[in-house]
Amino acid sequence: MRFKTELRNIRTFSKLVAALNSLEKIAWVRLDDDTARFTVIPDTGSQVWASLSMDFIFENYHIQSAESNNTINLELPLAPLQRALRSALNSTACSLRLTKRDGIPVLSLTIHTTTKDLPPASGFGAAHHHHPNHASRDRDDYDPARDDESVFTTEPLEMTLKSRGERDKVITHDIPVRVLHPDTVETIMQPKVREPDVHIQLPPLLQLKAISDRFTRLATTSSSGSARGQAANPKLELSANMHGSLRLRIATDSLDVTSTWDKLENPDLDPTQLQIPLEDHPSTKFREAGPDKWATVRVDGKDWSRVLSVGRLEGRVIACFADDHALILYVYVPQYDDAGAEDSVVTYYVSSYSL
Amino acid sequence: MAILSFTLSEEGVAVLHDALACIVKFSDDVCLEASKDKLTLTALNLSKSAYVKITLSANRFFSRYSFDGTGQFRDKFFCQLYIRSLLSIFRTRAASGDQARDRDKETTIERCDVSVDDGPGVKSRLIAKIICRNGITATHALPFETKAPVHAKFDSNEAANRWTISARTLRQLMDHFGPGIELLDINTDGENVVNFTCFTEKAVNPSTDAVLKKPLHTSIAVEMDEFDDIEVPEKLHIIVSVKDFRNILHHAQLTSGELAASYSVPGRPMKLSYRGDGILCEYILMTVGEKDAAGQRGTKRTRGANQTKPAAPRPELEAASVTSSNQANFAVPSGSRAAAGNATAQQKTPARPRQSQFQIRPPPLPPPSTLRSESLFVAQDEDQQWEPVNADEDADGEEIARLEWDNNLNPSPKRIISHAAQATPRSEDIDKMLDSGLEPTQRLSEVRRFGLFSP
C-alpha cells in the first residue's frame, strides 16, 4: 500500500477539513485512482460525504494498493490534519505520504517554508536597537552609548538578521491514521433520499448562520425552567418553496420568530438526468401549487450551526427539501484555478426531526 | 530612609510587566535581589526544573535607582513577593504593542516610584506609587517576605554545546507545533540541520482508537547556517519542556533579537539567555536525561487519576551554594508561606554532593497552567465566525447581558435523543433503498443521473 502526493489548493482543503471537523473528530477517507472522499458520520447529527477529484487537492500523486482502483481506506483524525494544513498554508512546497512511524501508520506531511523577518517587537529593548545614534543623554532613554557595563552590551543585530528568514525550513507533521480493511467499510453506504419537493439555492451562509445562531440562542435563553431540557436543543423550522423563498423559524412557549428570504433561485432540473418525467417530479407539483406550498423540515439548532460551518468554503449551496422528511445540502466547491475541471461536491445529509 | 528606591519610566513599567508576566508562568512568587548596581528578579518553578533570572541594570533600566544597604543588608537586600499582586500594579496595557497609540491617552502611566523598606522596627513593605498622566497618583503597599533567593547552578565551562538564533524566527517556528505536546527534543540527527521535535511520551496501544487521539507529531529542521555561533555535536538529543520553552520564547521576542542556548548532555541543565537594553534574561532548564526518558515509559501512568496534565517526571536543578550562609534566618513570614519557605531553604543546603546530578522523585504538581501559552499559536484569523453556535458562552454577550439573562443557568447541553422518527435515513435503512443503485460517491455527473439540476 503506497500513497504519496504533493498538495495543492491547501487553503480550500484546510477549510473543508475544518468544516468536517466541526461535526465529527474522525473521518473515513477513501482514496483511489480518481477520487478522494471524506466521510463523517457522527453518532447523532448530520453526516457528510465529500467527494473531491484527486486532482483537486493532490498533484503528482502516486497511489497503489491491492484493492481495485488502488483504493485505500483510512481513518483519520481531523483536528491534527487541520492543524498540520494550517501550518502548510504559507509553504513553498508541501507533500503528503502514507508511512509508518514507530510501528504506527501515519500520514506524514512535509512542509517547506520560510520564516518572515518581522518588524522588531515594540518592547523597548528592541526598539532602541534601531537608533544607536539617538543619543539623548536623558537617563530615561536608556541610551546605548552609556555602555559602561559589559553585561548589558547590545550588539548591532540587524545586520546579521536580515537575510536569515529566507532560508528554507522543513517541517514534518505526522498525523496518526488507521488503515481500514475493505470489509469494514463495505457496509457504510451513502444515504438515499426520495426525490426532493423543493430545491433552492441558499442565501449567503454567513448571513443564514448568523440568524440561525441568533435564533438558537434566543430559544436557549428565553424559555423558563420546565422547558429547559427541550430548550437546550432548540429545533429550527426550515421551509422553502419553489418560488424562491426560504423561511427560518424558531418557536418556543414564549416566542415565535421568522425570517424569510425571497428572490432566491430554484435551479432548473436537467430532464435528461431524471428518471421520471419532469412534469411528474415532486418539485413540479410544488411549483404549480404556488408560493404558499412550502416544504418544511426541522433541524437541531446546534447541529445546523455546525453544518453551516461549511460556508467557509465559499461554494454555491443547493438545499433539497423533502417535505417533513429530509434535508440535503449540496455544496459545490469552487475550483478557481481550473475552470474546466469537474466541480467537487460536498453532500450534507442534515439530520432532521418530526414534531 | 528606604533601603531601596527606584523610579521607572512608562516604558520601564511596561518592560517590568512583561518580565513579571514571563516569570509568573514559572512560579507564583518572585525573589527581588537588590544591590548597588543591579536589581535581580529570580524564580524557581515548583518542580525545580526551571529557573528564571532577570537582571535589570541599575543605571540603564531605571530613571533613578538608589540602594542604601545597612546592617544585615549592607551588600544586598532581598525579598520575595507574590507576582500577581505586582502584575496588577504594573499593569499598563494589554500588550506592549500599542505603546504609540496609548501614549496620548491621559490614563497612561507617567512614571512609577518604588521604595522598599525593612529592618528592625520598620514595617516590611514595598511601596509603589504610580503617577498617571491625568494627575492621579495611586499608591500600593505590598507586604513581602524577607528570604534569600535560591539560585540554580549552571557551569558554563561544562556546557560546550551552544547556539544563537533569532528569537523571532524560532518563535514563528514554534507556532507550527500543535496543541497537546509536552516535550521538545532539540537534536542534530539530520545532515547539517538542527531539528526541533515535539512529542509526548504517552504510549498508546496501536490497535485501539487511542492512536487517533495522539497529538500531532511535529519536527522542524532548521539549517545550521541559520544559527550564529553554533557548536553542537552530531546525534545529540536534548529534551526540555515545551511549555517552558514557549514561555521563554514569547518573552524573548518581545525583548530581544537573539536567543542564546548552551548545554552539555541530557540530564544536565541547559541555559537560555537574551538581553534587551538594560535587561538580561537568563533561564536554566533541566533537561530530561536519557535514562529518565526511558524509565518514564514504564511508570508514568501511576498518577492517572490526576486531572492536571501529568508532567513528565523531570530532574531538578541544583541549587547554587547559598549566597551568604546565614541569611535564611531573616525570614519573618507567617503561616503557610513560612512553611513553604523553609522547604525551599532546605533544598539549598549545600550538603548535597556535587556528583549527584539530580534527584529523581515524584515532582510536585506543576503550577496551574496559564492561558498565555495558547497565544503562541497561530491566530485563528477570520475563521471564528464559522465556529458552531455555542449558546452557553455567547458571542452576542453584550445584548444578552443588557437584557440580564443569566446564561449560566443553562443546563449543560445534552445530546438529543430523538424518540421521534428520524426523517433522514440512517445507514441501517439503506439496504432497502439500494435498488436504484447510487454509488457511494457523488461526483456531479452522478448527482445529475440521479435527477437533480441542470448545470
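Two strands pair if DSSP finds at least two bridges between them; strands (E, at least two residues) and helices (H or I, at least four) are DSSP runs numbered from the N terminus. The model is predicted, local features need pLDDT of at least 70, side-chain atom pairs count only at pLDDT 80 or more, and totals for chains, interfaces and linings use all residues. Side-chain values use heavy atoms, without hydrogens and water, residues are numbered from 1 along each chain as its sequence is written, and chains are lettered from A and ligands numbered from 1 in the order in which they are written.

**Exercise 1.** Find how strand 11 and strand 12 of chain B pair, and place them in their sheet.

*Solution.*
1. Strand 11 (183-187) and strand 12 (193-199) of chain B are antiparallel and share 5 bridges.
2. B:N187 has B:N195, in strand 12 of chain B, as its bridge partner.
3. The open, antiparallel sheet has 9 strands, in the order 5(A)-1(A)-7(A)-8(A)-9(A)-13(B)-12(B)-11(B)-15(B).
4. Strand 5 (58-64) of chain A and strand 15 (237-241) of chain B each have a single partner strand, so one side of each is left without a neighbour in the sheet.

**Exercise 2.** Describe the second largest cavity and its lining.

*Solution.*
1. A cavity is a set of points, on a 1 Å grid over the protein atoms alone, where a 1.4 Å probe fits but cannot get out; lining residues have an atom within 4 Å of a point.
2. Grid points are joined across faces, edges and corners, and the volume is the space filled by probe spheres set on the points.
3. The second largest cavity holds about 90 Å³.
4. Its lining has 14 residues, with B:F6, B:L16, B:L32, B:L39 and B:F90 nearest the centre.
5. Strand 1 (4-9), helix 1 (10-23) and strand 3 (38-44) of chain B each give two or more residues to this lining.

Key: On a 1 Å grid over the protein atoms alone, a cavity is a set of points where a 1.4 Å probe fits but cannot get out, and a pocket is an open set with protein on both sides within 12 Å along at least five of seven lines; lining residues have an atom within 4 Å of a point.
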